[in-house]
Amino acid sequence: MNEIYQSIYNKSNGKYGALRFPYVTFGDTAEVTVVCKKTDRTFVDGNMAELSALIKDACGFHTPITIKVKDDVLTAAALRMAVVRFTEQFSYVSSMSHAVTVTEPDFTVKLKMHGAMHELAQDDYLPRLKEFLQNNYVDDISVQVEIVDYAQSGTSQATAHGTKKEYALYDVRSVIGDFKPEKARAISAVTSSEYNVTVCGILAMQTEFTSKGGRSYERFLLYDGDVSLQCMFYPNGSQSIVKAAELINKPVCVCGNVDYDERRNEGTIKVQSLALCKADGLQPLPEKPAPDSYGIVFPQNYEVLVQSSMFDGNTEVPHSLMGDFVVFDFETTGLSVIYDKPTELGAVKISGGKLKESFTTLIDPKREIPPEVVEKTGITNDMVKGQPLFEDILPDFYKFTYGCGLVCHNIAFDFPFLLRGGNRSGWAFGNRKTFDTMAIAPLAIHGITKLTLDSVLDGLGLSNDNAHRALSDAAATAKAFIAMKKILAKS
């Protein structure tokens with residue numbers, strides 16, 4: 001129990017032992033949350049003055065306090081959601097969060113972990129989970145852990161190995177710089193800003209960028225199961241990671257400086273050196289054939305109601321648009337691939353330089369959508385309730401995108417959600433060629449100063465009629481992609 005509970009329990013001789021004091025938030029006043037059973041609400045209201053004095057003394061506050069009383073009836077669904085959200089704050093156990101279950105009526109939280117994950121969790125995640133449950137719930141909630149092997153855990157082999165802290169490397173072949181390390185950290189061990197860090201993972205999302213000032217740089221991901229690390233590389237002379245086709249979906253090690261975002265629990269490494277390598281247990285998820293048929297989400301023919309002259313007036317398709325591309329966009333509960341979940345997926349397929357099919361679905365994130373996100377996207381909790389889960393629609397999206405290049409506006413945001421979900425569910429997206437309209441815009445639109453999707457569309461004379469909804473954003477991005485490829489083909 002936390003110190004507030006212990007202090008109040010001792011000073012009241014256990015009078016308030018059935019209450020919990022999970023957290024305090026600060027604004028004009030200090031707001032203390034008090035959790036009680038519904039049957040104890042009258043007792044709490046009748047002793048509010050004494051309780052306030054005890055809380056103020058226990059916390060040592062010199063500001064006014066307010067008390068927020070929560071007396072919700074405990075349900076298995078609400079408890080599971082709370083445990084999942086707590087679990088996903090810990091990158092090395094987040095891959096098993098989808099397998100969390102809660103039994104009724106005893107409200108036992110059941111977790112499945114493989115041995116390596118359980119060993120890491122003993123001194124950190126598990127005791128903190130038990131403390132979280134004690135501080136937030138009046139009922140006694142027990143935690144049971146079942147040790148399973150990789151196959152039983154419902155994760156891919158790569159996902160399971162995402163809990164490793166370090167890899168021993170062999171068959172190292174330098175690509176950028178004179179770089180042949182003998183060992184490297186796993187991605188899950190990168191948890192702070194540091195210099196000269198060597199990290200090992202599988203390379204995906206090779207994308208070339210041009211800054212507004214005209215400087216070229218490259219972005220890619222390292223992934224290990226469902227954990228990933230953003231990477232940036234500034235080419236020097238003829239050196240390029242994007243143009244090295246042999247690197248895609250292969251184990252590599254990189255050395256560079258890590259800039260870590262504590263709020264999102266995500267890091268970015270500025271790469272100085274890179275080498276192909278091998279590491280025991282680190283293998284990309286095998287690609288498998290597309291499903292024979294769609295099961296939940298069925299593509300529709302794309303109908304263009306209003307089309308720019310940029311599409312109607314130029315029927316010649318440049319070489320860069322030959323083939324098939326899928327332009328996709330996620331709406332999510334927030335900005336973190338670790339904490340947040342997709343709420344909507346929209347995509348359009350480009351074939352022969354024309355928009356042919358659309359693919360769209362709402363997704364139940366199994367958690368509350370924050371009010372500010374609801375206001376921005378218009379997607380409410382009621383809209384997503386009962387919709388398919390992300391893992392349920394991934395086989396259909398895998399089929400829709402099979403053999404296609406993947407395009408986004410700011411692909412560094414959207415692609416990690418797809419990669420993480422696919423690796424968890426056994427659908428390999430790591431070997432796809434990727435394109436980013438945000439990266440192409442400075443080359444195609446003279447004098448552009450902002451790289452938002454709206455700014456790119458304005459620069460091309462295009463519009464987005466329903467911004468911040470996935471299908472509309474995907475369709476607008478697709479039109480921008482086609483238009484800019486045609487502009488560049490003429491230059």
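The following exercises, each with a worked solution, concern a predicted model.

Residues are numbered from 1 along each chain as its sequence is written, and side-chain values use heavy atoms, with hydrogens and water left out. In this predicted model, local features need pLDDT of at least 70 and side-chain atom pairs count only at pLDDT 80 or more, whereas totals for chains, interfaces and linings use all residues.

**Exercise 1. Confidence**

Determine the average pLDDT of the protein chain, and locate stretches where pLDDT stays under 50.

Solution. pLDDT is the predictor's confidence in each residue, from 0 to 100. The chain averages 85, and 92% of the residues score at least 70. Residues 150-162 stay under 50, with 27 contacts (heavy atoms within 4.5 Å) beyond four places in sequence. Residues 305-313 are also below 50, and this stretch has 13 contacts beyond near neighbours in sequence. Where pLDDT is low, the predicted coordinates should not be read in detail.

**Exercise 2. Nonpolar cores**

State how many residues the largest nonpolar core has, and describe the surroundings of leucine 418.

Solution. A nonpolar core is a set of buried Ala, Val, Leu, Ile, Met, Phe, Trp, Tyr and Cys residues joined through side-chain atoms within 4.5 Å. Buried means under 20% relative accessible area, exposed over 50%, and partly exposed in between (1.4 Å probe, protein chains only). The largest core has 45 residues; Leu169, Cys200, Phe328, Leu345, Phe397, Phe415 and Leu418 have the most contacts inside it. With neighbours within four places in sequence set aside, leucine 418 touches Phe328, Phe330, Phe390, Leu394, Phe397, Leu406 and Phe429. A second, separate core has 33 residues, among them Tyr302, Ile350, Ala441 and Phe481.

**Exercise 3. Helix 4**

Compare the span of helix 4 with its expected value, then identify its buried residues and what covers them.

Solution. Helices (H or I, at least four residues) and strands (E, at least two) are DSSP runs, numbered from the N terminus. The expected span is 1.5 Å times one less than the number of residues. Helix 4 (residues 76-87) has 12 residues and reaches 16 Å from first to last C-alpha, close to the 16 Å expected. Ala76, Leu79, Ala82, Val83, Val84, Phe86 and Thr87 are buried. Their cover includes strand 4 (101-103), strand 5 (108-113) and helix 6 (125-136).

**Exercise 4. Salt bridges**

Count the salt bridges, and describe the setting of the pairs formed by glutamate 208, arginine 424 and arginine 469.

Solution. A salt bridge is a side-chain nitrogen of Lys or Arg within 4 Å of a carboxyl oxygen of Asp or Glu. The whole structure contains 11.

1. Glutamate 208 meets lysine 243 at 3.3 Å, N to O. Glutamate 208 lies in strand 9 (residues 194-210) and lysine 243 in the loop between strand 11 (227-233) and strand 12 (251-261), so the pair ties together parts 35 residues apart in sequence. Glutamate 208 is partly exposed at 39% relative accessibility, and lysine 243 is exposed at 60%.
2. Arginine 424 and aspartate 226 have their closest N and O atoms 2.7 Å apart. This pair links helix 12 (residues 411-425) to the loop between strand 10 (216-224) and strand 11, 198 residues apart. Arginine 424 is buried at 13% relative accessibility, as is aspartate 226 at 4%.
3. Arginine 469 and glutamate 344 also have their closest N and O atoms 2.7 Å apart. Arginine 469 is in the loop between helix 14 (453-460) and helix 15 (470-490), and glutamate 344 is in strand 16 (residues 342-351), 125 residues apart. Both residues are buried.
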